[in-house]
Amino acid sequence: MVAAFFRLILFAFIAYIVFLVLRITRGLKKDRRQAGPRTPGPVEGVMVKDEICGTYIPRDEALTEVRDGAVYYFCSEECRRRLKNR
Ligand SMILES: [Zn+2]
């Protein structure tokens, strides 16, 4: 009976360690992403709209342009030029 109790405590302890390790590794990944030059957001797999041609692209691959405090996303350099000419 006592042995079973200690095994339960041990299991809970191991689960707690695993939880801590997972949380730490997730935090590190987030920091590395925020340090990147072309990834302004922390969320992965977000689609953004190219306001010029209406195409949806992954935010990680989109070109960006800040105008009047708003961020615009583009599928290509050509679309970014077209915003500037507008
Ligand atoms: Zn476009």
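The following exchange examines how several descriptions of this predicted model are justified.

Reader: What makes up the secondary structure of the chain, and in which order do the elements run?

Author: The chain holds 2 helices and 4 strands. Starting at the N terminus, their order is α-β-β-β-β-α.

Reader: Why is Val46 called exposed?

Author: A residue counts as exposed if 12 or fewer other C-beta atoms lie within 10 Å of its own. Val46 has 11 C-beta neighbours inside 10 Å, and therefore it is classed as exposed. Val46 belongs to the loop between α1 (2-35) and β1 (47-49). Its C-alpha lies 5.7 Å from that of Pro58, although 12 residues separate Val46 and Pro58 in sequence.

Reader: Why is Asp68 called exposed?

Author: The limit is again 12 or fewer neighbours within 10 Å. Asp68 has 5 C-beta neighbours inside 10 Å, so Asp68 counts as exposed.

Reader: What makes the backbone of Asp68 worth noting, and where is Asp68 found?

Author: Asp68 has a positive phi of about 55 degrees, yet it is not a glycine. Asp68 sits in the loop between β3 (63-67) and β4 (70-74). In the hairpin that these strands form, 2 residues lie between β3 and β4.

Reader: How do you know that β3 and β4 pair, and are they parallel or antiparallel?

Author: Pairing requires at least two bridges between the strands. There are 5 bridges joining β3 to β4, so the requirement is met. The two strands run antiparallel. Within this pairing, Arg67 has Ala70 of β4 as its bridge partner, and Val66 stands opposite Val71 in β4.

Reader: Which residues form the largest nonpolar core, and what makes them a core?

Author: The largest nonpolar core has 5 residues, namely Val48, Ala62, Tyr73, Phe74 and Cys79. They qualify because a nonpolar core is a set of buried residues of the listed nonpolar kinds, joined through C-beta atoms within 7 Å. Buried residues make up 7% of the 86 residues in the chain.

Reader: Which residues does Phe74 touch, leaving aside those up to four places away in sequence?

Author: With those set aside, Phe74 touches Asp50, Ile52, Ala62, Leu63, Glu65, Cys79 and Arg80.

Reader: What share of contacts joins residues at least 24 apart?

Author: Among contacts between residues at least 6 apart in sequence, the share is 18%.

Terms used
Residues numbered from 1 in each chain as written. Predicted model: local features only at pLDDT ≥ 70, side-chain atom pairs only at ≥ 80, totals over all residues. Buried ≥ 20, exposed ≤ 12 C-beta atoms within 10 Å, placed from the backbone. Contact = placed C-beta atoms within 7 Å.
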